[in-house]
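Welcome! Take a moment to look over the chain displayed here, and then read on for a short guided tour.

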Amino acid sequence: MAKYTTDNGSMQVEKHSDVLYRVVTDAGVQGYIERVGPVWVTLHGARLDRCVEVGQSKTLESAVALLARRR
């Protein structure tokens, strides 16, 4: 688990599977980040089956930043 601190508070990144990470704040699940080859795909939403892609990044940190901006 990794913890990121942003202007909007802290976000915890928890490994959900080999390629999927869940991003959680005090308010609950904010979204997921999926590793697809060299790309990190950021998904916004509390339920994985209902998430919406909000961007793609080259690093995990950039992918987390995309979710932080959605808060």
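The report below starts with the whole chain and then moves to its strands and two of its residues.

## The chain as a whole

Please keep in mind that this is a predicted model. Its chain contains one helix and six strands. If you follow the sequence from start to end, these elements come in the order β-β-β-β-β-β-α. The radius of gyration is 11 Å, close to the 11 Å that the globule rule gives for 71 residues, so the chain is as compact as a globular protein of that length. Along the principal axes, the C-alpha atoms fill a box of roughly 30 × 25 × 20 Å.

How much of the chain is buried? Of the 71 residues, 37% are buried. The accessible surface of the chain is about 4400 Å², and carbon and sulfur atoms account for 47% of that surface. The chain carries 10 positive and 8 negative charges, and the mean positions of these two groups lie 2 Å apart. Turning to contacts between residues at least 6 apart in sequence, 22% of them join residues at least 24 apart.

## Strand β3 and its partners

A good place to look next is strand β3, which covers residues 20–25. This strand pairs with β2, residues 9–15, and the two run antiparallel, joined by four bridges. It also pairs with β4, residues 28–36, again in the antiparallel sense, over six bridges. The table sets the two pairings side by side.

| Strand pair | Bridges | Residues between the strands of the hairpin |
|---|---|---|
| β2 and β3 | four bridges | four residues |
| β3 and β4 | six bridges | two residues |

Both pairings are hairpins: β2 and β3 form one, and β3 and β4 form another.

Which residues face each other across these pairings? Between β2 and β3, K15 stands opposite Y21, and V13 has V23 as its bridge partner. On the β4 side, V24 stands opposite V29.

With partners on both sides, how enclosed is β3? Five of its six residues are buried, so β3 is largely enclosed by the rest of the structure.

## A closer look at V24

V24 is one of the residues of β3. Is V24 buried or exposed? Its relative accessibility is 17%, and buried means under 20%, so V24 counts as buried.

Which residues does V24 touch, once its neighbours within four places in sequence are set aside? V24 is in contact with S10, M11, Q12, E14 and V29. V29 in this group is also the residue that stands opposite V24 in β4. Q12 is 12 residues from V24 along the chain, and the C-alpha atoms of the two are 5.1 Å apart.

## A closer look at A2

For a second example, go back towards the start of the sequence. A2 belongs to strand β1, which spans residues 2–6. With a relative accessible area of 28%, A2 is partly exposed.

Leaving out its neighbours within four places in sequence, A2 is in contact with M11, Q12 and V13. M11 and Q12 appear among the contacts of V24 too, while V13 is the residue whose bridge partner in β3 is V23. From A2 to V23 is 21 residues in sequence, and their C-alpha atoms are 9.6 Å apart in space.

Conventions: Residues numbered from 1 in each chain as written. Predicted model: local features only at pLDDT ≥ 70, side-chain atom pairs only at ≥ 80, totals over all residues. Heavy atoms only, no water. Rg over C-alpha atoms; globule rule 2.2 N^0.38 Å. Buried < 20%, exposed > 50% of the residue type's maximum accessible area, 1.4 Å probe, protein only. Contact = heavy atoms within 4.5 Å. Areas by Shrake-Rupley, 256 points an atom, 1.4 Å probe, with all protein chains shown as cover. Lys, Arg positive; Asp, Glu negative; His and termini not counted. Charge placed at Lys NZ, Arg CZ, Asp CG, Glu CD. Pairing = 2+ DSSP bridges.
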